[in-house]
Amino acid sequence: MGFPLNGFIKPIGSVFSNIFGEELEFKLRLSRSIKKIKNSGANWVFCPCGVNPYSLSRGLRIAQACNLPIAAYLVDDFLSGSELSGDTTALHVAQKDIPKWLEEVDQIFVISEGLRSRIQSLYNLDSVVLPLPYDLVSETGFQENDSKLGTDEKQIIYVGNLSHFYIEGLKQIAQIIDEINNNIGSNIKLRFTLPNMNEIKSLIGNYDCIKCSPCIDNRDLQQEIHSSILCFAPYSFQEKYKIMVSTSFPSKLLDYLSAARLILVLGPDYASSVIYFKKNRLKTCLTKQDPEMIRAIIIQQLNENTDYSNAYREVLQKNHNPREVALQVISTLKSHHT
């Protein structure tokens, strides 16, 4: 338990961009890594797996070389991810190899209830839902006087990438914000934390409200989130993305919960983010694409600046405290042998 796999398995593409390169890097690090694991006194190998299926294979090889049981933490559905990406090699692995590899895993953890159901349906295997850990700073020290809340420019912030899961919702809110600005003379910006304005506008549209400005560090990100009148968390309503929307969990939600005044989750009722907000009775969640309702929420928040940050942080602390997540892992692994 004491040796993190990510200490030597780097994210896919960080050094080499092809399978041969990934495998070469893995083999170069393997013997030293096995030695470290054995010297650490670890009695389990814990393997976090992204959408790339080879992470699971390599975790298994390490566990076997160390003669240790393995726990895998799955945060994406391998099969649906490879189908959507169009990667035929990954799809072949997901179809042929993943079922065999998962059978060899001693304990499976998953990021959401949706993924737990998916693993059960596809492979007839049990798993345990494990929340993402989030280290919440107890004292935020947000400087209200320096925030954008005291200026004419207000912002709605979106944190994250421009995945196809989010594009339609971002287009919709950008159009609504421009309409609000034109109709009532407000100056609301849709703030992206990505660096490339041209890329954003090419995907979202040439809306006047779009603003692009990366954050310096996590402290700066939290300040910007807290300074925003609203944080936006869209998910796609398209049927072809249903599996990924219902099984994945957007990590940006944890950043939002740490500092946001108001979060607007937009997605179908089967979306993991929608289910999370409803389960924890959090504001505010829309399960249909209703421009009038989105407009009403923005205008009301523009006028009232309601602050739900305490309630958000309580839920974040309750569900994602790193110590509690670690204890859940340890408890589950201990009970595995009893």
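This report walks through two sheets, some of their helices and a nonpolar core in a predicted model.

## The six-stranded sheet

Let's start with an open sheet of six strands, paired in parallel and ordered β7-β6-β5-β8-β9-β10. At its edges stand β7 (210-212) and β10 (285-286). Each of these edge strands has a single partner strand, so one side of each has no neighbour in the sheet.

As a general reminder, the strands of a sheet pair through backbone hydrogen bonds, in either a parallel or an antiparallel way.

## Strand β5 and its partners

Strand β5 (residues 154-158) is a good place to pause. In the order of the sheet, β5 is listed between β6 and β8. With strand β6 (residues 188-192), β5 pairs in the parallel sense over five bridges. Within this pairing, K154 has I188 of β6 as its bridge partner, and I156 has L190 of β6. To get from β5 to β6 the chain passes through α7, and this β-α-β crossover is right-handed.

On the β8 side, two bridges join β5 to strand β8 (residues 230-234), and the two strands run parallel. Here I157 of β5 has C231 as its bridge partner in β8.

Is β5 buried or exposed? Five of its five residues are buried, so to speak, on both faces. K154, I156 and Y158 lie on one side, while Q155 and I157 lie on the other. In general, side chains in a regular strand alternate between the two faces of the sheet.

## Helix α8 beside the sheet

Helix α8 (residues 197-204) lies across β6 and β7, and runs at about 150° to β7. The N-terminal end of α8 is capped by N196, which has a side-chain oxygen 3.0 Å from the backbone nitrogen of N198. Past the other end, just after α8, comes G205 with a positive phi of about 130°.

## The four-stranded sheet

A second open sheet is built from four strands in the order β1-β2-β3-β4, again with parallel pairing. Its edge strands are β1 (45-49) and β4 (128-129); each has a single partner strand, so one side of each is left without a neighbour in the sheet. Strand β3 (residues 107-110) is joined to β4 by two bridges, and V110 has V129 of β4 as its bridge partner.

Two helices are worth a look here. Helix α2 (residues 54-66) lies across β1 and β2 (70-74), at about 170° to β1. In helix α3 (residues 78-85), the buried residues include F78, L79, S80, G81 and S82. After α3 comes G86, whose phi is positive, near 75°.

## The nonpolar core

Which residues have the most contacts inside the largest nonpolar core? They are L56, L74, I156, I204, Y256, I263 and I298, in a core of 104 residues. Helix α7 (residues 167-184) supplies the largest share of this core, with seven residues.

Some of these names link back to the earlier sections. I156 is the β5 residue whose bridge partner in β6 is L190. I263 gives a close-up of the contacts: leaving aside residues up to four places away in sequence, I263 touches C231, L253, Y256, L257, F277, K283, T284 and Y312. Among them, C231 is the bridge partner of I157 in β8.

Notes. Residues are numbered from 1 along each chain as its sequence is written. This is a predicted model: local features need pLDDT of at least 70, side-chain atom pairs count only at pLDDT 80 or more; totals for chains, interfaces and linings use all residues. Side-chain values use heavy atoms; hydrogens and water are left out. A nonpolar core is a set of buried Ala, Val, Leu, Ile, Met, Phe, Trp, Tyr and Cys residues joined through side-chain atoms within 4.5 Å. Buried means under 20% relative accessible area, exposed over 50%, partly exposed in between (1.4 Å probe, protein chains only). Contact means heavy atoms within 4.5 Å. Two strands pair if DSSP finds at least two bridges between them. Axes are lines fitted to C-alpha atoms, for helices over the stretch in contact, and angles run from 0 to 180 degrees between N-to-C directions. A crossover is right-handed if, with the strands pointing away from the viewer, the path from the first strand over the helix to the second runs clockwise. A polar contact is a pair of N or O atoms within 3.5 Å; within protein, one must be able to donate a hydrogen and the other to accept it, and residues adjacent in sequence count only if both atoms are side-chain atoms.
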